[in-house]
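Thanks for coming, everyone. I would like to walk through one model this morning, beginning with a single residue and working outwards from there.

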Amino acid sequence: MKEVYNIAIDGPAGAGKSTIARSVAEKLHFVYVDTGAMYRAMALHFLRMGISPADEVAIFKAAKDVKVTISYENGEQQVILNGENVSGLIRTGEVSDMASATSVYLPVREKLVELQKELARNESVIMDGRDIGTCVLPEADLKIYLTASSKVRAKRRFAQLKENQGQYTLEDIEKDIIERDSRDMNRENSPLRQAEDAVLLDSSDMTKKEVEDRILELFLERK
Ligand code: C5P
């Protein structure tokens with residue numbers, strides 16, 4: 001039996017990756033690693049510095065100088081930006097857009113991918129993101145590509161969006177999701193795509209429990 005197992009979950013925005021990954025991690029006693037939170041922390045840093053997502057030179061320099069790490073508090077991942085816990089500040093629409101726009105840059109990705117690989121080296125992890133099965137953990141024991149229709153994903157995000165106080169309609173959210181997917185799928189560096197050896201799960205008509213059970217079953221088959 002191996003000592004360290006890695007599970008990769010990729011897929012578009014709002015597919016339920018983090019909810020599912022968190023609960024599968026709990027069942028397997030694995031560490032859950034949310035890589036989107038790292039891109040969001042970087043994005044928050046760029047926003048605070050007033051850097052435009054189009055200003056490549058400034059982004060490259062800021063990405064080089066910034067320090068993003070994670071820690072765990074009661075089993076929940078916290079993301080630390082230059083020593084400050086920013087976990088409560090990264091779930092806004094503004095940060096989502098900035099993360100999507102700046103995750104296209106190689107220096108941003110390289111720094112975070114290095115941290116992600118390091119985290120998976122010594123511990124069993126279930127890691128979610130966009131490029132986990134294709135780039136970060138190409139040798140993962142199980143790779144899942146979790147998706148759902150953009151309508152279903154928009155509905156889930158709508159229910160979840162903390163800052164939503166009536167200013168966004170369901171249509172706004174669906175449009176934003178489609179735009180982010182398109183940017184993630186069409187970027188040059190590590191685009192979002194299903195790894196060849198990933199199992200495709202479309203959760204549009206599945207309950208959370210059905211998705212979870214299927215992942216646990218797939219993992220036990222491979223273990
Ligand atoms: O998953 P989440 O919505 O928190 O990710 C925020 C953004 O970070 C995504 O829209 C994507 O552009 C970027 N991301 C990425 N690679 C990952 C995880 C997230 O490019 N592994």
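Let me start at G16, which is buried because 23 other C-beta atoms lie within 10 Å of its own, the cut-off for that class being 20 or more. I should say straight away that what you see is a predicted model, and that I will treat it as such throughout. G16 sits in the loop between strand 1 and helix 1, and if we set aside its neighbours within four places in sequence, G16 is in contact with L146, A148, R156, S203, K208 and V211.

The loop between strand 1 (6-10) and helix 1 (17-28) also holds P12. P12 counts as buried as well, since it has 21 C-beta neighbours inside 10 Å. Again leaving out the neighbours within four places in sequence, the contacts of P12 are T147, R153, D181 and L192.

Why dwell on these two? Both appear in the UniProt record, an unreviewed entry, which lists G11, P12, A13, G14, A15, G16, K17, S18 and T19 under "binding site". I take that label as the record gives it, and I do not read anything further into it here.

Now to the ligand in the model. Which residues are closest to the ligand? The ligand is surrounded by 13 residues, and the closest of them are G36, Y39, S103, G129 and R130. Two or more residues of this shell come from each of helix 2 (35-48), helix 4 (93-102) and helix 8 (170-186), and it is helix 2 that gives the most, with 4 residues. In terms of character, the shell around the ligand divides into 3 nonpolar, 5 polar and 5 charged residues.

Finally, let me step back to the whole chain, whose secondary structure comes to 9 helices and 8 strands. The C-alpha trace spans about 50 × 40 × 35 Å along its principal axes. For 223 residues, a compact globule would have a radius of gyration near 17 Å, and the chain, at 17 Å, agrees with that. Of the 223 residues, 39% are buried, and among the contacts with a separation of 6 or more, 74% are between residues 24 or more positions apart.

To close, I would leave you with the loop between strand 1 and helix 1, where G16 is placed, and with the ligand shell, to which helix 2 gives the most residues. I am happy to go back to any of these on the screen.

Notes
Residues numbered from 1 in each chain as written. Predicted model: local features only at pLDDT ≥ 70, side-chain atom pairs only at ≥ 80, totals over all residues. Rg over C-alpha atoms; globule rule 2.2 N^0.38 Å. Buried ≥ 20, exposed ≤ 12 C-beta atoms within 10 Å, placed from the backbone. Contact = placed C-beta atoms within 7 Å. UniProt positions renumbered as here; feature names shortened; annotations may be inferred. Near = placed C-beta within 6 Å. Nonpolar A, V, L, I, M, F, W, Y, C, P; charged D, E, K, R; others polar.
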